[in-house]
Amino acid sequence: MSPKPPTNVRDVDLEKPNAARMYDYYLGGSHNFESDRGLATQVEQVAPFVKDIARINRAWLRRVVDFLMAQGVRQFLDLGSGIPTVGNVHEQAQRHDPAARVVYVDYEAVAVHHSYELLKDNENATVVWADVRNPRTVLEHEETRRLIDFTQPVGLLCAGLLLFIGDEYDPEGLVAAYRAACPAGSYLAISTMSQDEADPETRERLDGLLKLYEMADERVYPRDKETIASWFAGTELADPGLVLLHQWRPDLSSDGSLAWPKFEESPARLLGYGAVGRVAG
C-alpha cells in the first residue's frame, strides 16, 4: 500500500503566496514559487530576522528527534509538516535507525505532492493529506494506521503548527485529542512563536510580518508562555522544560559554547518557545 498523491495540484493558485512554501524558501529549499519568494522578500524587508526564526525552529526539531530516538521512540507523527525541505524528520530519525517510521500530515496540496514524490520509495515514511484540525481523520487514516502502532510510544510533533491555528479551533483541545491517542511513554513536542521576550522594536517588526502573512491567506497567532504551557497538560516536561528554542538542549562546541553562535545576536532567538513532554501513565 502506498500513499495517494493529490490530484488537484494543477488547480492550486500558484500566484498566491503560501506560508509553507515561504518557510521552505527561508530554509534554503527549492519547493517554492515566484509568488512565495516575492512575499518572503517583503517580509524580510520588514523583519530581517525571519530566516533565523525558521532555522532556529528547524534546528530545534532536529534536536528533538535526536532526543526522542535516544529515549527509544521509533515512530513519529509530524502534524502540519509542510514541504519536505532541509532537515526532514525521516532523514534525521532514519540516520539513527533505518527502521524508524514517520507519518507526515499536511493539507496543502503542493506540500503533500512534493512529500509523496520524496517518500514514494521509502517504506517507513509516508504522507497523509488531511486537515490536522480534524484529529479523527488523521488518526484513522489508512496510512497512519499502516505505520503507527498506537500501543507503542509515539513521537507527536507540532513544530510551528499551532502558530497557524486560531483560538476558534481550540488548539489545547486539538493537542489533547492527539495526545489521548498516544500511549503512556509517548512524547509531545511543541514549538511556536511568542512575543513575550521581544523588545519594542522587534514587536513592531512582527506586527508588519503578521500583516504581510495575511496576504498569503495565513493568519499567524503568537501566544504567551502561559498559554503554550497549558498545551502540555497530561505530560511531564523533559529538562529543561518550556524555554526559548535556542535554549532547549543546544548543540555545544567542545569548549562548551553554542555550536551556532551567530543566532545569539539575532532577535529571532527571543521569539519562540519549545518543549517536549512525556505522556504520563
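Helices and strands in this account are DSSP runs, numbered from the N terminus. The structure is a predicted model, and the paragraphs below pass through it by region.

The loop between strand S6 (235-237) and strand S7 (243-244) is a convenient place to begin, since Pro240 is found there. Pro240 is joined to Asp239 by a cis peptide bond, with omega at about 10 degrees. Beyond S7, the loop that runs between S7 and strand S8 (272-279) holds Arg249. The phi angle of Arg249 is near 40 degrees, a positive value in a residue other than glycine. Arg249 has a relative accessibility of 38% and therefore counts as partly exposed, the bounds for that class being 20% and 50%.

A positive phi angle also appears at Asp170, a residue other than glycine, where the value is near 55 degrees. Asp170 belongs to the loop between strand S4 (155-159) and helix H8 (171-180). Its relative accessibility is 44%, so Asp170 counts as partly exposed.

The account turns next to strand S1. This strand covers residues 75-79, and Leu79 lies in it. Leu79 counts as buried because its relative accessibility is 1%. Which residues does Leu79 contact, leaving aside its neighbours within four places in sequence? They are Val105, Val132, Val138, Leu156, Leu157, Cys158, Leu161 and Tyr178. For Leu157, there is also a distance to report: its C-alpha atom is separated from that of Leu79 by 6.0 Å, although the two residues are 78 residues apart along the chain.

Cys158, one of the residues in contact with Leu79, leads to the matter of disulfides. A disulfide is a covalent bond between the sulfur atoms of two cysteines. How many disulfides does a search of the whole structure find? The search finds 0. For Cys158, the nearest cysteine sulfur is that of Cys182, 9.6 Å away, and Cys158 is in no disulfide. Cys182 is likewise in no disulfide, and the nearest cysteine sulfur to it is that of Cys158. The cut-off for a disulfide is a pair of sulfur atoms within 2.5 Å. Cys158 counts as buried because its relative accessibility is 4%. Cys182, at 7% relative accessibility, counts as buried too.

Helix H2 is the next element to consider. It spans residues 34-46, and Asp36 has its place there. Is Asp36 buried or exposed? Asp36 has 0% relative accessibility and so counts as buried. Not counting residues up to four places away in sequence, Asp36 touches Lys16, Pro17, Asn18, Arg21 and Met22.

H2 also packs with another helix. Two packed helices are described by the angle between their axes and the distance between the axes. For H2 and helix H9 (residues 200-213), the angle is about 165 degrees and the axes are 9 Å apart. The two helices are therefore roughly antiparallel to each other, a term that applies to angles over 145 degrees. The crossing of H2 and H9 is right-handed. On the H2 side, the contact is made by Leu39, Gln42, Val43, Gln45 and Val46, and on the H9 side by Arg205, Gly208, Leu209, Leu212 and Tyr213. Sorted by class, the contact of H2 with H9 has 6 nonpolar, 3 polar and 1 charged residues.

Terms used
Residues are numbered from 1 along each chain as its sequence is written. This is a predicted model: local features need pLDDT of at least 70, side-chain atom pairs count only at pLDDT 80 or more; totals for chains, interfaces and linings use all residues. Side-chain values use heavy atoms; hydrogens and water are left out. Helices (H or I, at least four residues) and strands (E, at least two) are DSSP runs, numbered from the N terminus. Buried means under 20% relative accessible area, exposed over 50%, partly exposed in between (1.4 Å probe, protein chains only). Contact means heavy atoms within 4.5 Å. Axes are lines fitted to C-alpha atoms, for helices over the stretch in contact, and angles run from 0 to 180 degrees between N-to-C directions. Angles under 35 degrees count as roughly parallel, over 145 as roughly antiparallel, 65 to 115 as roughly perpendicular and the rest as oblique. A crossing is left-handed if the near helix is turned anticlockwise from the far one by less than a right angle, and right-handed if clockwise. Ala, Val, Leu, Ile, Met, Phe, Trp, Tyr, Cys and Pro count as nonpolar, Asp, Glu, Lys and Arg as charged, and the others, Gly among them, as polar.
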